[in-house]
Amino acid sequence: WRINFSRVEKKGDINWTWRPQIVWDPTQRKFVGKINMHLPDAWGYLQFAPPLDMSDDQKNNSFIGEIDSNLQKYRDPSWPAKIVAMNIYYAQRQYKDSHPNGKYASTLEELGDLVNTDLVRPFTVERSDGSGSVVISLTSSPGSKAEDKQSDNDSEKGDDNGYNVKVTTPMDGWVVTVTNSRLVRVFPPFSHSQTAEKEAL
């Protein structure tokens with residue numbers, strides 16, 4: 001489960017969240033903390049799992065987001081694709097705001113350094129097995145349908161001058177899509193005939 005908690009005290013002078021709200025800021029070209037609970041892609045993970053047997057030393061030396069190699073089964077396998085998709089989402093917002101025609105970019109090359117190239121590169125490198133990709137599709141007319149090839153019976157209406165991004169993880173084939181309206185959908189590997197899992201990101 002994705003979840004966060006916020007506590008505001010002393011008329012807003014103290015604003016505490018359980019999980020730091022860290023997202024990509026294309027204007028600063030880095031990940032930054034935001035005082036904004038309406039960023040579900042930055043929420044933490046709540047997992048109902050057996051208690052972790054960690055020594056005090058391990059607890060004190062662990063980093064946010066770090067997962068012990070023995071605990072990989074508890075990690076969200078779609079997370080790498082999700083963070084790349086949202087990286088492009090934030091970059092597209094900045095791209096549109098900074099261009100007088102108010103259009104979105106149609107390629108990663110157009111976005112340039114508005115995206116985190118180190119983060120995106122593993123998804124765009126050519127591999128012998130053909131896995132891993134990032135595809136940006138513009139939706140240029142009102143009411144046009146951008147059908148996701150991962151599903152035979154699920155299509156998404158694109159907004160006027162909007163876009164759809166499809167990110168496929170290398171090797172294991174998780175697919176994450178995001179639109180300009182921030183709708184994120186997750187497709188497990190080999191789920192071409194299944195309906196996308198819709199997430200409020």
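1. The largest nonpolar core, meaning a set of buried Ala, Val, Leu, Ile, Met, Phe, Trp, Tyr and Cys residues joined through side-chain atoms within 4.5 Å, holds 31 residues, of which Ile-88, Leu-111, Val-134 and Val-167 touch the most other members. Buried here stands for under 20% relative accessible area with a 1.4 Å probe, counting protein chains only. Among the elements that give two or more residues to this core are helix 3 (108–111), strand 7 (133–139) and strand 10 (162–168), while helix 2 gives the most, with nine residues.

2. The model is predicted, so that local features need pLDDT of at least 70 and side-chain atom pairs count only at pLDDT 80 or more, whereas totals for chains, interfaces and linings use all residues. Residues are numbered from 1 along each chain as its sequence is written, and side-chain values use heavy atoms, with hydrogens and water left out.

3. The chain has four helices and 13 strands, which are DSSP runs numbered from the N terminus (helices H or I, at least four residues; strands E, at least two). Of its 201 residues, 36% are buried.

4. Helix 2 has 19 residues and reaches 27 Å from its first C-alpha to its last, close to the 27 Å expected at 1.5 Å a residue, a span taken as 1.5 Å times one less than the number of residues. Its buried residues include Ala-85, Ile-88, Ala-91, Gln-92 and Tyr-95.

5. Leaving aside neighbours within four places in sequence, Leu-111 is in contact (heavy atoms within 4.5 Å) with Ile-88, Ala-91, Gln-92, Tyr-95, Ala-105 and Ile-136.

Notes:
Buried means under 20% relative accessible area, exposed over 50%, partly exposed in between (1.4 Å probe, protein chains only).
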